[in-house]
Amino acid sequence: MKIAIMGAMPEEIAPILQKLGEYKTTEYAKNKYYEASYKGVELVIAYSKIGKVFSTLTATTMIEHFGAQKLLFSGVAGAISETLKVGDLIVATKLSQHDLDITAFGHPFGYVPEGGVFVEADKAMIEMSKEVARDMGKTVQEGIIATGDQFVANEERKNWIGSTFNADALEMEGASVAVVCDALNVPFFILRAISDAADMDASFSFDEFLETSAVESAEFVMKMVDKILE
Ligand code: ADE
């Protein structure tokens, strides 16, 4: 089996590469991919760069070029739900693109014909994440994640995304990765640790907590890999 572990930024995959220690680096399509053996399976790891376009390219490459059969995303997010604080973990049940807008034609936000508003994540891995959380003594919230090509640092925009998509957290890659995996029939799991509250202080909070929250998420994702291999 080959498992992809993906982040958007170097900080999001650094803890994973550090844990693995040894890996092979391959350059492909203007990005670096890291391959390693881990407990008898092959891993391919990469950060995509920020946003929906780069994350689409990386997820597709991991599946179509490197042959990944499952994909786990690790990274940080801005909180919408009041119950999510910096460092808390959220597992996506389903994801939507908050900046996809053809409402002028009478469609809901996030919808395009022959697509849907939401893409659902793999239920088996969501179930597994409950066990992992129990094993680790951690609390993990499940919820809806909204994705867009926009760093949200504005209470009004955040609240609009929250009410329009019933979203609990927002970030910039999850929904595009979800679309790729869904289309290519690859089970996927999107985990995020909160770095900020997507409000006027978001950029400062993000800079302060990116690394520590990324570590929280990466540790959990590696435990997910362990659980998949059990
Ligand atoms: N990722 C982490 N925080 C974010 C924010 N406020 N907006 C978009 N993506 C994020």
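In the predicted model, glutamine 97 touches a set of residues drawn from several parts of the sequence, with those up to four places away left out of the count: Lys52, Gly110, Val117, Thr147, Phe165, Ala175 and Val179. Glutamine 97 itself belongs to strand S6, which comprises residues 89–97. With one of these partners, lysine 52, the contact is also polar, as the side chains of glutamine 97 and lysine 52 are joined at a distance of 2.7 Å.

Threonine 147, listed among the contacts of glutamine 97, also takes part in a polar contact with glutamate 171, in which the two side chains are joined at 2.7 Å. Glutamate 171 is located in strand S9. Its relative accessible area is 4%, and the residue is therefore classed as buried, the cut-off for this class being a value under 20%. The side chain of glutamate 171 additionally reaches a backbone atom, namely the nitrogen of glycine 174, at 3.0 Å. When neighbours within four places in sequence are set aside, glutamate 171 is in contact with Val76, Ala77, Leu95, Ile145, Ala146, Thr147, Gly148, Ile190 and Arg192.

Strand S9, in which glutamate 171 is found, also contributes to the surroundings of the ligand. At least two residues of the shell around the ligand are supplied by each of strand S5 (70–79), strand S9 (169–171) and strand S10 (188–196). The greatest contribution is that of S5, which provides 3 residues. In total, the ligand is surrounded by 13 residues, and the closest of these are Ala77, Gly78, Val152, Leu170 and Asp196. Ala77 is thus among the residues closest to the ligand and is likewise one of the contacts of glutamate 171. When the shell is divided by residue class, 8 of its members are nonpolar, 3 are polar and 2 are charged.

Nitrogen atoms of the ligand lie at short listed distances from both backbone and side-chain atoms of the protein. For glycine 78, a backbone N or O atom is placed 3.2 Å from a ligand nitrogen. For valine 152, the corresponding distance between a backbone N or O atom and a nitrogen atom of the ligand is 2.8 Å. In aspartate 196, by contrast, the side chain is involved, with one of its N or O atoms 2.6 Å from a nitrogen atom of the ligand. The ligand taken alone exposes 260 Å², of which 96% is buried by the protein.

How values were computed: Residues numbered from 1 in each chain as written. Predicted model: local features only at pLDDT ≥ 70, side-chain atom pairs only at ≥ 80, totals over all residues. Heavy atoms only, no water. Near = heavy atom within 4 Å. Polar contact = N/O pair within 3.5 Å; in protein donor to acceptor, adjacent residues only side chain to side chain. Areas by Shrake-Rupley, 256 points an atom, 1.4 Å probe, with all protein chains shown as cover. Helix = DSSP H or I, 4+ residues; strand = E, 2+ residues; numbered from the N terminus. Nonpolar A, V, L, I, M, F, W, Y, C, P; charged D, E, K, R; others polar. Contact = heavy atoms within 4.5 Å. Buried < 20%, exposed > 50% of the residue type's maximum accessible area, 1.4 Å probe, protein only.
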